[in-house]
Amino acid sequence: MSNIQVRPATLRDVKAIAQIHTLAVQQAYRGLLPDEYLQAQKPDERQAYWREAIEYCEPQVLVAVDAEKVIGFVGYDRSRDPKSRPTTGEIWAIYAAPSHWSQGVGLALWDAARDGLLEEGCTSVTVWIPLCNERALRFHETAGFKRELATAKTSLVGGVRIEEIRLKRALH
């Protein structure tokens, strides 16, 4: 039985966060995005983003650890969507190491992010998920998020059009 703990990320966690982010994206989108695009993803390129996020708390970043090893992370803050209420939060990113999928890491991170958003005065939370990422959609829907069908949009990722949709839920 693992003993997952969630704590605020520190600069010492940047390398692990970037590695998890890269591996999880490569695994989650294998077969959905071109192999060349996925293989070109490098942890080094993500480190600067996560270092800055941790330094400036934008987004706020928490890590899940098991036996002092970082096994997942979540970035959350106020919604970045135009016209969103100031009481709307957003999960900017939530990833577990593929070796720890389906072991409660995502749930532990979600619980901690929800608590953090409530402390910030948020009453609802959103997340953007590509429709092709069935694992992420299932996770968020199990956590009480509902699809907002009118929000569907198309993004170009690795030369492939990806449909994204916003999901939303109340925080209480």
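**View 1. Elements around the second largest pocket of the predicted model.** In this predicted model, the lining of the second largest pocket draws at least two residues from each of helix H3, strand E2 (60–66) and helix H4, and H4 provides the largest share, with four residues. The space in this second largest pocket comes to about 160 Å³. Its lining is made up of 14 residues, among which Pro8, Gln60, Val61, Leu62 and Tyr76 are the closest to the pocket centre. By residue class, the lining of the second largest pocket consists of ten nonpolar, two polar and two charged residues.

**View 2. The largest pocket and its lining.** The volume of the largest pocket is about 1200 Å³. This pocket is lined by 44 residues, and those closest to its centre are Tyr29, Ile94, Tyr95, Asn133 and Ala136. Two or more lining residues come from each of the helices H1 (14–28), H3 (43–56), H4 (105–119) and H5 (134–142), and likewise from each of the strands E4 (88–96), E5 (124–130), E6 (146–157) and E7 (160–170). Strand E4 gives the most to this lining, namely seven residues. Sorted by class, the lining of the largest pocket contains 27 nonpolar, ten polar and seven charged residues.

**View 3. Helix H3 and the elements it packs against.** Helix H3 is built from 14 residues, and the distance from its first C-alpha to its last is 20 Å, close to the 20 Å expected at 1.5 Å a residue. Within H3, the residues Arg46, Gln47, Trp50, Ala53 and Ile54 are buried. The buried residues of this helix pack against H1, E2, strand E3 (69–78) and E4. Helix H3 also appears in the pocket views, since it is among the elements that give two or more residues to the lining of the largest pocket and supplies at least two residues to that of the second largest pocket.

**View 4. Cys57 and Cys122, two cysteines outside any disulfide.** Cys57 follows helix H3 and has a positive phi, near 55°. The structure holds zero disulfides, and for Cys57 the nearest cysteine sulfur, belonging to Cys122, is 15 Å away. Why does Cys122 form no bond with Cys57? The sulfur of Cys122 lies 15 Å from that of Cys57, its closest cysteine sulfur, and this is too far for a bond, because a disulfide requires a pair of cysteine sulfur atoms within 2.5 Å. Cys122 has a relative accessible area of 3% and is therefore buried, the cut-off for that class being under 20%.

Conventions: Residues numbered from 1 in each chain as written. Predicted model: local features only at pLDDT ≥ 70, side-chain atom pairs only at ≥ 80, totals over all residues. Heavy atoms only, no water. 1 Å grid on protein atoms, 1.4 Å probe; cavity = no way out; pocket = protein on both sides within 12 Å on 5 of 7 lines; lining within 4 Å. Points joined across faces, edges and corners; volume = space filled by probe spheres on them. Nonpolar A, V, L, I, M, F, W, Y, C, P; charged D, E, K, R; others polar. Buried < 20%, exposed > 50% of the residue type's maximum accessible area, 1.4 Å probe, protein only. Expected span 1.5 Å × (residues − 1). Contact = heavy atoms within 4.5 Å.
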